Amino acid sequence: MAFLGLILLNPITAVGGGVDELQATLSDKYRTDLIGFVETRAGARLQDDPYQKDASLGEVRLQVDLNSDLDFGVLKLKSDLLGDLVTEEAIVELRELNLLFFPHDMIDVKVGRQVLTWGTGDLLFVNDLFPKDWESFFIGRDVEYLKAPSDALKTSVFMDLFNLDLIYVPRFNGSEYIDGSRISYWNGLLGRTAGRDFIFVDDERNKAFEEDEVHARLNKNVGGLELDGYGYYGYWKTPEGVKPAGPKLFYPGLAVIGASARNSIWGGIGNLEIGYYDSYEDRKGTDPLVRNSEIRFLAGFVRELARNFTGGFQYYLEYMQDYDEYEQTADPATAKDEYRHVTTVRLTRLLMNQTLTLSLFAYYSPSDEDGYLRPKFHYKVTDRLAVDGGINWFFGAEDHTFFGQFEDASNIYAGIRWNY
Amino acid sequence: MKRVLTFSFIALMFLAGTLSGSEVEAAPQIEEIVDKANLAAYYAGDDGRSDVKMTITDGQGRTRNREFVMLRKDIKDGGEQMFYVYFEKPSDVRKMVYLVHKHIGRDDDRWMYLAKLDLVKRIAASDKRTSFVGSHFYYEDVSGRGVEEDRHELVEETDSHYVVKNTPKRPGEVEFSAYTVWIDKETFLPMKAEYLDKGGSKYREMEALKTEMIQGFPTVTKSQMRDLRSGGDTVSEFNNSKYNIGLEQDIFSERYLRRPPRVVRR
């Protein structure tokens, strides 16, 4: 544990330029890897939002990532120190603090704060019910920050027939959703767009071992064909329910069962994924204040179009159950469709010995008539220094649709990062 | 699709034309040389481990470094193989893992693990002649080009080398028109390779700078790939190479993508 003292010294040493020596000492004496970065990012809105500041992003971040190789496992600590000029606060964000160990040849266990991902979608999620940070994603932080950590116990069992992952989260971890504090959103209660004038509060589910989550996955690779089955029992990750008193948002119960397949096909990679979302607090769909059950479906294909140029396409469907019941209480002007179709396109071009990446990710929903474009560049000036920038552009015919509501949040951003 | 068919058709015509030629007689010997070279370069032992350091220099003289640990396991000599590449440097890709199940006669299966997202990504692998991690080596240079993909011709036999000219059977799928390899007569290691572009001029050149005998296997421990057009080059150094270390096949699976095995850590 001697390295803990060194962690505290690290930011100071980093500034002093002795990082290489510190890394070597930690590695040789304590079998501990130290890496991380310092970065600054800034972003501005492309149009006025009466409810928000003009600056969408302005921050300085230091990340420290330590991995200590113990005889029986690996101890990991990853933490960010963030100075946020938009919210005017300085915070320590503990991204990961976990212990990975191997109690048996067939079993891996990871306990503590960790980032978890599974499923086959590209920036679309069906069976990945782990917390996301949509705000970070929308304002132009590194895509790393789309995934929020979970405080979890993950047990993986590897058998000949299949592999099993079982994850227990004793206290529900919700997603960072758009609450109005930085990005304006469609407020159904007010019947208009709202922002900092109406920051939503939610009823946190924070009773440990009572308000918990269970995630499970069965996985099998049959000669390159990856087959997965998934299960989830917990709550909607975004507050899909409203309590009239307050009014306050809350996280209704949710159970999900699903499956996916992925393989190489037609010179590229194809994937299919399906999930049934059982919104079990409103199974009949009669409660207008709780989101109905849904079937979600995803099909994707990605392949190289030319040397260093890759293209991907996805089709995604959300099919609402008990739509008749929903329609009885929903406001016809802003009601959701029974079928929400979303398509995505990803184009990635690598240039200059793969040091320059130009990419475009586009969401478009023909049913909502809205979309979200993410053009981006990333250039590695040296092995240590990188600059990036891009645009988050939301558009839509209506103010109340999923992407359309964020129209005023469209922004341009740039960042510079020094990796150590 | 139409393009692919056209290319296959041309390749067939090509094959039909050459089979009737005089090369039929020379074939057994040249095939033996090529097979032996393939085994010496890519299939030494049943498995292996190496610390690889790549120094990439671009046309302007700027350098970048890559350091990774590479594991290999042969399922069948001259046939299917598995590769596991664990990145150590630069730090922004540290702990990234790249996994390949190499197949013969069909596309390889490739995965990449991005540690910061805990994401196992499947990679479209139709074109093996793209840069490996930004270096001047291609994926195919690292994992080997299928012997059956080219026609081989022994153009010269010197005191020390067999000089073999290789012409692609499906020229539409590659950027070269032919390449010539100098194969060491004793070790059967390819010591030099020169690639000609579609216009017939030399534009790419590989050279083995250092070879060592490791556990009885002649091994290239330093090699260079030069891009004659841009003036850039990549030097690869292989350190701590070991063979027959008894790698289990499950190391080359999703489990160890998410959690690197001890053999690649320290």
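Is A:Y280 buried, exposed or partly exposed? With a relative accessibility of 22%, A:Y280 counts as partly exposed, because the cut-off for buried is under 20%. Keep in mind that this is a predicted model. Here's a quick tour of that tyrosine, the cores, the contact between the two chains, and the charged pairs.

**A:Y280 and its surroundings**

- You'll find A:Y280 in chain A, in the loop that runs between β16 (268-278) and β17 (294-306).
- Leaving out anything up to four places away in sequence, A:Y280 touches A:Y233, A:G234, A:G253, A:L254 and A:A255.
- One of those neighbours also has a polar link: a polar atom of the A:Y280 side chain sits 3.1 Å from the backbone oxygen of A:G234.
- If you're after a distance to check, the C-alpha atoms of A:Y280 and A:D197 are 32 Å apart, with the two positions 83 residues apart in sequence.

**Nonpolar cores**

- As a bit of background, nonpolar side chains in soluble globular proteins tend to be buried together.
- Here, the largest nonpolar core has 40 residues, and the ones with the most contacts inside it are B:F68, B:F87, B:Y98, B:F132 and B:I183.
- Helix α2 (residues 23-42) of chain B puts in the largest share of this core, with five residues.
- Take B:F132 as a worked case: setting aside neighbours within four places in sequence, B:F132 is in contact with B:M54, B:F68, B:V85, B:Y98, B:F137, B:Y138, B:Y139 and B:V142.
- There's also a second, separate core of 37 residues, and A:L123, A:Y177, A:Y277 and A:V342 are among its members.

**Where chain A meets chain B**

- Chain A brings 58 residues to the contact, and chain B brings 40.
- Together the two chains bury about 4,000 Å², and 39% of that is on carbon and sulfur atoms.
- Three residues, A:E304, A:R307 and A:D383, supply 17% of the area that chain A buries against chain B, which is more than any other three residues.
- The count of salt bridges between chain A and chain B is ten.
- For a concrete pair, look at A:R217 and B:E254, which form a salt bridge with their closest N and O atoms 2.6 Å apart.
- Polar contacts across this interface add up to 26 residue pairs, with both residues at pLDDT 80 or more.
- On the side of chain A that touches chain B, strand β2 (residues 55-70) of chain A gives the most, with four residues.
- That side of chain A splits into 17 nonpolar, 19 polar and 22 charged residues.

**Salt bridges inside the chains**

- Over all chains, the structure holds 72 salt bridges.
- In one of them, the side chains of A:R141 and A:E59 meet at 2.9 Å, N to O.
- A:R141 is in the loop between α3 (134-139) and β6 (150-158) of chain A while A:E59 is in strand β2 of chain A, so this pair ties together parts that are 82 residues apart in sequence.
- A:R141 counts as buried because its relative accessibility is 10%, and A:E59 counts as buried at 2%.
- A:D128 and A:K132 also form a salt bridge, with the closest N and O atoms 3.2 Å apart, and both residues are buried.
- Over in chain B, B:E149 and B:R170 form a salt bridge whose closest N and O atoms are 3.6 Å apart.
- That pair links distant parts of the chain, 21 residues apart: B:E149 is in the loop between α3 (139-143) and β7 (150-157) of chain B, and B:R170 is in the loop between β8 (161-168) and β9 (176-184).
- B:E149 counts as buried at 15% relative accessibility, whereas B:R170 counts as partly exposed at 35%.
- Shared partners join A:E59, A:R61, A:D80, A:D84, A:E93, A:E135, A:R141 and A:R182 into one salt-bridge network.

**B:D51 and its partners**

- B:D51 is part of strand β1 (residues 47-57) of chain B.
- Its side chain makes a polar contact of 3.2 Å with the side chain of B:R49 and another of 2.6 Å with the side chain of B:N240.
- Not counting residues up to four places away in sequence, B:D51 touches B:F68, B:V69, B:E237, B:F238, B:N239 and B:N240.
- B:F68 turns up here as a neighbour of B:D51, and B:F68 is also in contact with B:F132.

Terms used
Residues are numbered from 1 along each chain as its sequence is written. Chains are lettered from A and ligands numbered from 1 in the order in which they are written. This is a predicted model: local features need pLDDT of at least 70, side-chain atom pairs count only at pLDDT 80 or more; totals for chains, interfaces and linings use all residues. Side-chain values use heavy atoms; hydrogens and water are left out. A nonpolar core is a set of buried Ala, Val, Leu, Ile, Met, Phe, Trp, Tyr and Cys residues joined through side-chain atoms within 4.5 Å. Buried means under 20% relative accessible area, exposed over 50%, partly exposed in between (1.4 Å probe, protein chains only). Helices (H or I, at least four residues) and strands (E, at least two) are DSSP runs, numbered from the N terminus. Contact means heavy atoms within 4.5 Å. Buried area is the accessible area (1.4 Å probe) that two parts lose on being put together, summed over both. A salt bridge is a side-chain nitrogen of Lys or Arg within 4 Å of a carboxyl oxygen of Asp or Glu. A polar contact is a pair of N or O atoms within 3.5 Å; within protein, one must be able to donate a hydrogen and the other to accept it, and residues adjacent in sequence count only if both atoms are side-chain atoms. Ala, Val, Leu, Ile, Met, Phe, Trp, Tyr, Cys and Pro count as nonpolar, Asp, Glu, Lys and Arg as charged, and the others, Gly among them, as polar.
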